[in-house]
Structures are given as C-alpha cells and as structure tokens.
Amino acid sequence: MTARLAADFWVRAYLARLQAAHLPAYVVARGDPTAGAVLVKLATLDGRARLFQRSFDLATGARAWVVLAEGAEAEVDAAAARQRRIDPDLWVIEIESREGRTLLDEEGLSD
C-alpha cells in the first residue's frame, strides 16, 4: 500500500510547480482537503480546453492522468460541472497555456 498525500497539500505543491514554470493556474473549485480527487483543466486560450483526471489501473496499480473531456471550452467547463455535481469533494484546477503545458507528465506528478 502506498501512502497518499492530502489533496490540499498536493494542490499547493502543484500550483507552486506551475508558478515556477510561469504557467498561470487557479483553483476553480476547492474540494475535500484530505481525500478530494483533482481535475485539471487546460485552457489553450483559443476557445478550446482539455480536462484531465487521475486514473488508477486496478490490474497494475499504475496511476496516470487521462483526458476526461476535450473540445470547446464551454463543453469542457460543463463536463467539470457535471463531475462536481457527482462529487462535491472534487478539486478543479485551471491552467492557461497556449502551448498546452500542464506538467502532469513530470516526475512526482505523473505517478
């Protein structure tokens, strides 16, 4: 069994890494500080966006960020809102990056 970071600690650390990379990011919705799941919305500032969620493979135990929704920003926002209605403990972070950078594939964030 692997120890898990509290959600608010992970979010603060992620925001600090984004800031260090000069990527504007905002907490759109605060979830449960201990065990809330996190969605990451990437707005590419051209009217399009992607919404990422962390996925867990029960067979291998691997964790990875996967695209939950992609397309027009309004549609991605609606997908995030639907997820929040299902799980009010959910955190939503929004990143603005024309280049599509999220840092989610970097060490410490991808696993």
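1. Aromatic rings. In this predicted model, the count comes to 2 aromatic pairs, taking ring centres within 6.5 Å as the rule. The ring pairs join W10, Y14 and W65 into a cluster. In general, two numbers describe such a pair: the distance of the centres and the angle of the planes.

2. The sheet. Look next at the strands. There are 5 of them, and they form an open sheet. Their order is β1-β5-β2-β3-β4, with mixed pairing. Which strands stand at the edges? They are β1 (25-29) and β4. Each has a single partner strand, so one side of each has no neighbour in the sheet. On average, neighbouring strands are turned by 25 degrees against each other, direction ignored.

3. Strand β5 and its partners. Strands of a sheet pair through backbone hydrogen bonds, in either a parallel or an antiparallel way. Strand β5 (residues 91-96) shows both. With β2 the sense is parallel, over 6 bridges. Here V38 stands opposite W91, and A43 stands opposite E96. With β1 the sense is antiparallel, over 4 bridges. There A25 stands opposite I95. Is β5 mostly covered or mostly open? Mostly covered: 5 of its 6 residues are buried.

4. Helix α1 on the sheet. Helix α1 covers residues 7-20 and packs on the sheet. It touches β1, β2, β3, β4 and β5. The direction of α1 makes about 5 degrees with that of β5.

5. Helix α2, its span. Helix α2 runs over residues 73-86, which gives 14 residues. From first C-alpha to last, α2 reaches 20 Å. That is close to the 20 Å expected at 1.5 Å a residue.

6. Helix α2, its two sides. Which residues of α2 are buried? They are V76, A79 and A80. Seen down the axis of α2, these buried residues fall within an arc of 95 degrees, so they line one face of the helix. An α-helix has 3.6 residues a turn, so residues three or four places apart point the same way. On the other side of α2, A74, E75 and R85 are exposed.

7. Helix α2 on the sheet. What do the buried residues of α2 pack against? Their partners are β2 (38-43), β3 (48-56) and β4 (63-72). The helix as a whole lies across β1, β2, β3, β4 and β5. Against β4, α2 runs at about 130 degrees.

Methods
Residues numbered from 1 in each chain as written. Predicted model: local features only at pLDDT ≥ 70, side-chain atom pairs only at ≥ 80, totals over all residues. Heavy atoms only, no water. Phe/Tyr/Trp six-rings, centres within 6.5 Å; stacked < 30°, edge-to-face > 60°. Helix = DSSP H or I, 4+ residues; strand = E, 2+ residues; numbered from the N terminus. Expected span 1.5 Å × (residues − 1). Buried < 20%, exposed > 50% of the residue type's maximum accessible area, 1.4 Å probe, protein only. Arc of directions from axis to C-beta. Contact = heavy atoms within 4.5 Å. Pairing = 2+ DSSP bridges. Axes fitted to C-alpha atoms, helices over the stretch in contact; angles between N-to-C directions.
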